[in-house]
Amino acid sequence: MKVRSGLLWVCLGLAGCQGSNPYVASSNPLPPAPPQAANTFDRSAYPAPARDYGRYRSWAWLDGRLPAGTAWADSAQVAEAVSSALDQRGLRPLHDNRPADLFVTADLRMETRLRQVQDDYGAYGGYGGYNRYGYGPGYGMYGTVPIVRTYEEQVVVVHVNLFDAQSGQPVWSSSAETGHRSSQTEQVDAIREAVEKAMSAYPPS
């Protein structure tokens, strides 16, 4: 009896599977594109073109303002160091009313850095000793004693920024630092060194 009832349920299940499916797939046509779509260019769908730095040939200070001076370096010294670094990279300053290709700003300031130096002093350990048979090899541990010293150092930090003169958008920026010097002559050399480090990566590859 149980076998017959089981077969009956199996037959009913198969009959149910052969029935019509109430869920019917259907698709509607896509709506037509708006008329302005043919004349609209989506810039976000495409990567930005690579910037051609070769077309930048001239420069001028942004808003005509030279870099600000400090207590140990005047504005003319900073401007001369930046102008020299730009000149070495084929960028010529404009002194007339012609439009420049680039606008330039530079910032110079003193900052404090914490430096750490590790000194490894002489080795320690045992070399030999007496035993009941006389003097002979001994035993011990050998190693060094590292000592870490922390000190403050004054550094000169230079920031250089370049802007596209037509769009006003920033196109390149960099910063570098060098150690502070004591005399004024050495300080001018430190400024030139920091500016040259900052400009060493221009134009970007």
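Select helix α2, residues 75–87, in this predicted model. Its buried residues are Q77, V78, A79, A81, V82, A85 and L86. Colour these residues and look along the helix axis. An α-helix has 3.6 residues a turn, so residues three or four places apart point the same way. Two such pairs to look for in α2 are V78 with V82 and V82 with L86, both made of buried residues.

Now show the C-alpha atoms of α2. The helix has 13 residues and spans 18 Å from its first C-alpha to its last. That is close to the 18 Å expected at 1.5 Å a residue.

Next, go to the N-terminal end of α2 and select D74, which caps it. The distance to display runs from a side-chain oxygen of D74 to the backbone nitrogen of A76, and it is 3.3 Å.

**The core**

In soluble globular proteins, nonpolar side chains tend to be buried together. Here the largest nonpolar core holds 29 residues. Select L86, L102, V104, L162, V195, M199 and Y202, the residues with the most contacts inside this core. At least two core residues come from each of β1 (58–61), α2, β3, β6 (146–164), β7 (170–179) and α3 (184–199). Which element supplies the largest share? Helix α2 does, with six residues.

Keep L102 selected and show what surrounds this residue. Leaving out residues up to four places away in sequence, L102 touches Y56, S58, W59, A60, L91, L162, F163, D164, A165, V171 and Y202.

**Strand β1 and its crossover**

S58, W59 and A60 belong to the next stop, strand β1 (58–61). Are the faces of β1 covered or open? Both are covered: S58 and A60 are buried on one side, and W59 and W61 are buried on the other.

Add strand β2, residues 92–93. Strands β1 and β2 pair in the parallel sense over two bridges. Across from W59 you will find P93 of β2. Follow the chain from β1 through α2 to β2: this β-α-β crossover is right-handed.

**Strands β6 and β7**

Select β6 and β7 together. These strands run antiparallel and are joined by nine bridges. One residue to pick out is V157, whose bridge partner in β7 is E177. Then move to the hairpin, where five residues lie between the strands. In this hairpin G168 has a positive phi near 80°.

**Strand β3 and E111**

V157 also leads to E111, since the contacts of E111 beyond four places in sequence are E153, Q154, V155 and V157. E111 lies in strand β3, residues 102–120. Is E111 buried or exposed? E111 counts as buried because its relative accessibility is 19%, and the cut-off for buried is under 20%. Show the side chains of E111 and R113 to see a polar contact of 2.8 Å between them.

**Helix α3 and Q184**

Select Q184 in helix α3. With 55% relative accessibility, Q184 counts as exposed. Then add A73, which is 111 residues away along the chain. The C-alpha atoms of Q184 and A73 are 8.0 Å apart.

**The whole chain**

Finally, zoom out. The protein has three helices and seven strands, in the order α-β-α-β-β-β-β-β-β-α from the N terminus. Of its 205 residues, 23% count as buried. Among contacts with a separation of 6 or more, 69% join residues 24 or more positions apart.

Note on methods: Residues numbered from 1 in each chain as written. Predicted model: local features only at pLDDT ≥ 70, side-chain atom pairs only at ≥ 80, totals over all residues. Heavy atoms only, no water. Helix = DSSP H or I, 4+ residues; strand = E, 2+ residues; numbered from the N terminus. Buried < 20%, exposed > 50% of the residue type's maximum accessible area, 1.4 Å probe, protein only. Polar contact = N/O pair within 3.5 Å; in protein donor to acceptor, adjacent residues only side chain to side chain. Contact = heavy atoms within 4.5 Å. Expected span 1.5 Å × (residues − 1). Core = buried A, V, L, I, M, F, W, Y, C linked by side-chain atoms within 4.5 Å. Pairing = 2+ DSSP bridges. Right-handed = clockwise from strand over helix to strand, strands pointing away.
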